[in-house]
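Hi everyone, thanks for making time this morning. I'd like to walk you through one structure, so please have a look at the screen.

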Amino acid sequence: MTVASLSDYTTLRVGGPAHELREPGTRDTLVATALEVWSTGENWLLLGGGSNVVISDDGFDGTVIRVATRGIDIIVDQDGKHARVRAAAGENWDALVAATVAAGLSGIEALSGIPGTVGAAPVQNIGAYGQEVGDRLVGIDFLDYTSGEVVRLDARDLGLGYRTSTLKRGRAGIVLAIELDLDAGGWSAPIAYAQLASALGVQLGERVAAADARRAVLALRAGKGMVLDPADPDSVSAGSFFTNPIVTESFARALPAEAPRWPVENDEEDRVIAPGDAVPALASADYRVKLSAAWLIERSGISRGFALPGSRAAISSKHTLAITNRGGATATEIAQLAGYVQTRVLSEFGVLLHPEPVFVGLAL
Ligand SMILES: Cc1cc2nc3c(=O)[nH]c(=O)nc-3n(C[C@H](O)[C@H](O)[C@H](O)COP(=O)(O)OP(=O)(O)OC[C@H]3O[C@@H](n4cnc5c(N)ncnc54)[C@H](O)[C@@H]3O)c2cc1C
């Protein structure tokens, strides 16, 4: 069918018309639809829950394939300690987390409340409150655009890193299903995020009932406008609009002492390096640190609720990292505000913030 406005399919509520929208609800029809569309050579766009995209006001000149497949399979090992969980790409991510926690499993409970679909989870290796899907991902079933074949890819072949993967970097195709390895027994994974530990009244590294961890995460997220809630205008967003920048330690040393920073792992090394840094001189990735994008934005003079004059796009009133649509904003207004934030942070600190959502038909 033709779609007058893709804004109905994105959580930011922006996006113009599309030639055609197809919504295959079974794995077989998803594969058949994709192969049919690909054989025509026309433009195609894959959409899940639309919670990590900014689609242009001109819309999409091609076919949008919206993944609507369903199915969750939980198989607990005979030793009762682990479980294999398989889920179809079109399942709602949070429904999957809820189902695993209800089954007494843990490993993704800190990822409660992240909007969107299961199939998109590996694309940017979703993460929150000390967990990433990559920590538990065994592999994916993938319809490869180049070969037209369904293949099984191991998690280690996906180049998973901080909010990235080979899929996000351009490997074309469709995640049909994912497989996770979770722990059984009802206890959460060790709490790995200070704010979550404090909300639960435990020390970092302690375990709580997985259901309690999920409840605490959902409450923390709601307080930041980070769960989709029709009653909360701050949740009309794409979540965090910028990733936390990764810079060399020598660059970070020149920032104000109170600027938050964390050491990063090797898998994050492909992220942005601040201009002016001697990148080739780095002896090891240990010299890189992650900065807080929210802190940089606030300290560059942009506060919660900020909007450009006359614009219907605004910084969330709960969190400087989210850009929200206050009602009727265009994708252009969203991009203008994002560009303004980028420019302010660049001129204040020399750090270029990278957008987290995927831009379709427009750029910053
Ligand atoms: C309020 C809010 C809070 C958020 N909080 C977090 C958070 O804490 N952590 C986090 O990591 N993210 C967060 N996000 C971002 C977003 O929820 C995730 O990135 C999510 O995985 C996107 O899923 P989706 O189905 O909506 O993907 P979409 O937005 O529909 O698509 C995103 C990208 O993935 C591709 N894609 C979608 N499905 C597939 C598939 N089956 N196979 C291959 N490619 C596919 C699309 O083509 C597109 O490029 C938040 C978003 C919002 C709105």
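I'll talk about the ligand and what surrounds it, then a salt bridge, and finally the empty spaces. Please keep in mind that this is a predicted model.

Let's begin with the ligand. How many residues surround the ligand? There are 33, and the closest are L46, G48, G49, S51 and T117. If you sort that shell by class, you get 15 nonpolar, 15 polar and 3 charged residues. Several strands take part: β2 (44–47), β8 (127–128), β12 (173–184) and β13 (237–240) each give at least two residues to the shell.

Now for the polar contacts. T117, one of the closest residues, places a polar side-chain atom 2.6 Å from an oxygen atom of the ligand. The backbone joins in as well. At G50, a backbone N or O atom lies 2.9 Å from a ligand oxygen, and for P115 a backbone N or O atom is also found 2.9 Å from an oxygen atom of the ligand. How much of the ligand does the protein bury? On its own the ligand would expose 980 Å², and the protein buries 93% of that.

On to charges. Side chains of opposite charge can pair when their charged atoms come close. In this model there are 20 salt bridges, and I picked out one of them for you. R86 pairs with E179, with 3.7 Å between the closest N and O atoms. R86 sits in strand β6 (residues 82–88) and E179 in strand β12, so this pair ties together parts that are 93 residues apart in sequence. You have met β12 already, as one of the strands that supply the ligand shell.

Last topic: empty space. The second largest pocket has a volume of about 460 Å³. It is lined by 29 residues, and T11, G49, P115, G116 and L228 are the closest to its centre. You'll recognise G49 from the ligand shell and P115 from the backbone contact. By class, this pocket lining has 10 nonpolar, 10 polar and 9 charged residues.

There is also 1 cavity of 30 Å³ or more. The largest cavity holds about 50 Å³ of space. Which classes of residue line it? The lining has 8 nonpolar, 1 polar and 1 charged residues, and among them are Y129, Q131, P190 and L196.

That's my tour, and I'm happy to take questions.

Notes. Residues numbered from 1 in each chain as written. Predicted model: local features only at pLDDT ≥ 70, side-chain atom pairs only at ≥ 80, totals over all residues. Heavy atoms only, no water. 1 Å grid on protein atoms, 1.4 Å probe; cavity = no way out; pocket = protein on both sides within 12 Å on 5 of 7 lines; lining within 4 Å. Points joined across faces, edges and corners; volume = space filled by probe spheres on them. Nonpolar A, V, L, I, M, F, W, Y, C, P; charged D, E, K, R; others polar. Near = heavy atom within 4 Å. Polar contact = N/O pair within 3.5 Å; in protein donor to acceptor, adjacent residues only side chain to side chain. Areas by Shrake-Rupley, 256 points an atom, 1.4 Å probe, with all protein chains shown as cover. Helix = DSSP H or I, 4+ residues; strand = E, 2+ residues; numbered from the N terminus. Salt bridge = Lys/Arg side-chain N within 4 Å of Asp/Glu carboxyl O.
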